[in-house]
Amino acid sequence: MASPVPVKEKKLMDVKLGELPGWILMRGFTHRGIAGTFQRGYYPYYNKYVNVKKGSLAGISMVLAAYVLFNWCYKELKQERLRKYH
């Protein structure tokens, strides 16, 4: 009989809905924790979309599209915040 995996060590897709608040609170929100999260996500993305034999612009274009979308949304939110309080 296998021992149950602690909630902290589960991946997001394996966490049940009732365990989600506890799982989120167990995450590391320090600078090192956030950097580690981005690093764990960067290498699989890089190996799947960028570092391939027959690559295309798909991997790089997804990053650029996310960057443009983030900047546009941030500017809109910033302008809305400035209009609301000033």
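Student: Let me get this straight: buried means under 20% relative accessible area, exposed over 50%, and partly exposed in between, with a 1.4 Å probe and protein chains only. Does Leu25 count as buried or exposed?

Tutor: Leu25 counts as exposed, because its relative accessibility is 72%. This is a predicted model, where local features need pLDDT of at least 70 and side-chain atom pairs count only at pLDDT 80 or more, while totals for chains, interfaces and linings use all residues. Residues are numbered from 1 along each chain as its sequence is written, and side-chain values use heavy atoms, with hydrogens and water left out.

Student: Where is the place of Leu25?

Tutor: Leu25 sits in helix α1, residues 20-25. Helices here are DSSP runs of H or I with at least four residues, strands are E runs of at least two, and both are numbered from the N terminus. In space, the C-alpha of Leu25 is 9.3 Å from that of Lys8, with their positions 17 residues apart in sequence.

Student: And how many helices and strands does the chain have?

Tutor: There are 3 helices and 0 strands, giving the pattern α-α-α along the sequence. Of the 86 residues, 5% count as buried.

Student: Switching topic: how many salt bridges does a search of the whole structure find?

Tutor: The search turns up 1, where a salt bridge is a side-chain nitrogen of Lys or Arg within 4 Å of a carboxyl oxygen of Asp or Glu. Lys10 and Glu19 form it, at 3.2 Å from N to O. Glu19 counts as partly exposed because its relative accessibility is 26%.

Student: Which residues form the nonpolar patch on the surface?

Tutor: Tyr42, Tyr43, Tyr46, Tyr49, Val50, Ile60, Met62 and Leu64 do, with about 730 Å² of accessible area together. Two or more residues each come from α2 and α3 (58-85). Patches take residues with over 30% relative accessible area and no salt bridge, joining like charges within 9 Å and nonpolar side chains (Val, Leu, Ile, Met, Phe, Trp, Tyr) within 5 Å. The areas come from the Shrake-Rupley method with a 1.4 Å probe; for residues, only the protein chains shown count as cover.

Student: Which element gives the most to the patch?

Tutor: That would be α2, with 5 residues. Tyr49 lies in that helix and is partly exposed because its relative accessible area is 32%.

Student: What about the whole chain, how much area does it expose?

Tutor: The chain exposes about 8400 Å², and carbon and sulfur atoms supply 66% of that.
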